[in-house]
Each structure stands twice: as C-alpha cells, then as structure tokens.
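Hello,

Here is the structure I promised to pass on to you. My notes follow below it, so you can read them with the model open.

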Amino acid sequence: MDDQVGRLTYTSDLAAGIQSLLAESAPYGTHHVTSGGKPRSWFEIAREVFAEAGADPERVSPVSTQEYGEGKDLAPRPASSVLA
C-alpha cells in the first residue's frame, strides 16, 4: 500500500535482538525488534525489490489501503507501524 509506512526487520537484526533478550534474561512477555533505516511505504519497498531483482519497478502501481481492501474483510492496520 502506498499509504502504509513501516520499516523492514532483517533476520540478522531479529536474531541479534533475540540473543540480547536471552543474555539479559529479559522478563517473559512481548518484545518488539526492528531494524533501523528510513521508514518507507510498502509500495516503495515493493518497487525497490523489483529493481534489485532486475525487473521494471514501474510495474508496481501505488494503491491505497481503501482501494486494496474494497470488498475484502481486512484486519485493521495503522497507517504508520514504525517502531522506535
């Protein structure tokens, strides 16, 4: 979606976060781990993936959450899911 912004979490960062939680004997519960970098829309990320794969990024078209969800029963998602 071109109106939902987030930040990718790379497996190496996730693994390092899990190792840190284990080393610190973090309390039981929900812990969030994220990578750094500039937040981007899922549309921007998809275009970058296409470009890196050697495909034409212009093939990826922007679509709003409302347009994509038309006639679908989607789970509600925030416009920004960026973690600090």
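**What I found**

Leaving out its neighbours within four places in sequence, S41 is in contact with M1, D2, Q4 and V5. This serine is part of strand β2, and its relative accessible area of 5% makes S41 buried. Before you go further, please keep in mind that this is a predicted model.

**The chain as a whole**

There are 3 helices and 2 strands in the chain. Read from the N terminus, the order of the elements is β-α-β-α-α. The radius of gyration is 16 Å, well over the 12 Å that the globule rule gives for 84 residues, so the chain is more spread out than a compact globule. Along the principal axes, the C-alpha atoms fill a box of roughly 45 × 35 × 20 Å.

A few totals may be handy for your setup:

- Buried residues make up 14% of the 84 in the chain.
- The exposed area of the chain is about 6,400 Å², and 55% of it comes from carbon and sulfur atoms.
- Among contacts with a separation of 6 or more, 75% are between residues 24 or more positions apart.
- The chain carries 7 positive and 12 negative charges, and the mean positions of the two sets are 1 Å apart.

**Around S35**

What does the side chain of S35 meet in the way of polar partners? One is the backbone nitrogen of Y10, which lies 3.0 Å from a polar atom of the S35 side chain. Another is the side chain of D13, joined to that of S35 by a polar contact of 2.4 Å. You may want to look at that D13 pair on screen. S35 itself sits in the loop between α1 (11–23) and β2 (40–41). Is S35 buried or exposed? Its relative accessibility is 4%, under the 20% cut-off, so S35 counts as buried. Setting aside neighbours within four places in sequence, the residues in contact with S35 are R7, L8, T9, Y10 and D13.

**Two other residues of that loop**

S25 is also found in the loop between α1 and β2. Its phi is near 50°, a positive value in a residue other than glycine. For background, most residues other than glycine have a negative phi. With 61% relative accessibility, S25 counts as exposed.

K38 has its place in the loop between α1 and β2 as well. At 63% relative accessibility, K38 counts as exposed. From K38 to P62 there are 24 residues along the chain, and their C-alpha atoms are separated by 19 Å.

**F50 in helix α2**

Helix α2 covers residues 42–52, and F50 lies in it. What does F50 touch beyond four places in sequence? The answer is A55, D56, P57, R59 and V60. F50 counts as partly exposed, at 27% relative accessibility. Measuring C-alpha to C-alpha in the model, F50 and G17 are 28 Å apart in space, with their positions 33 residues apart in sequence.

I hope this gives you an easy way in. Do write back if you would like to go through any of it together.

Best wishes

Conventions
Residues are numbered from 1 along each chain as its sequence is written. This is a predicted model: local features need pLDDT of at least 70, side-chain atom pairs count only at pLDDT 80 or more; totals for chains, interfaces and linings use all residues. Side-chain values use heavy atoms; hydrogens and water are left out. Helices (H or I, at least four residues) and strands (E, at least two) are DSSP runs, numbered from the N terminus. The radius of gyration is taken over C-alpha atoms; the globule rule is 2.2 Å times the number of residues to the power 0.38. Buried means under 20% relative accessible area, exposed over 50%, partly exposed in between (1.4 Å probe, protein chains only). Contact means heavy atoms within 4.5 Å. Accessible areas come from the Shrake-Rupley method with a 1.4 Å probe; for residues, only the protein chains shown count as cover. Lys and Arg count as positive and Asp and Glu as negative; His and the chain ends are not counted. The place of a charge is taken as NZ of Lys, CZ of Arg, CG of Asp or CD of Glu. A polar contact is a pair of N or O atoms within 3.5 Å; within protein, one must be able to donate a hydrogen and the other to accept it, and residues adjacent in sequence count only if both atoms are side-chain atoms.
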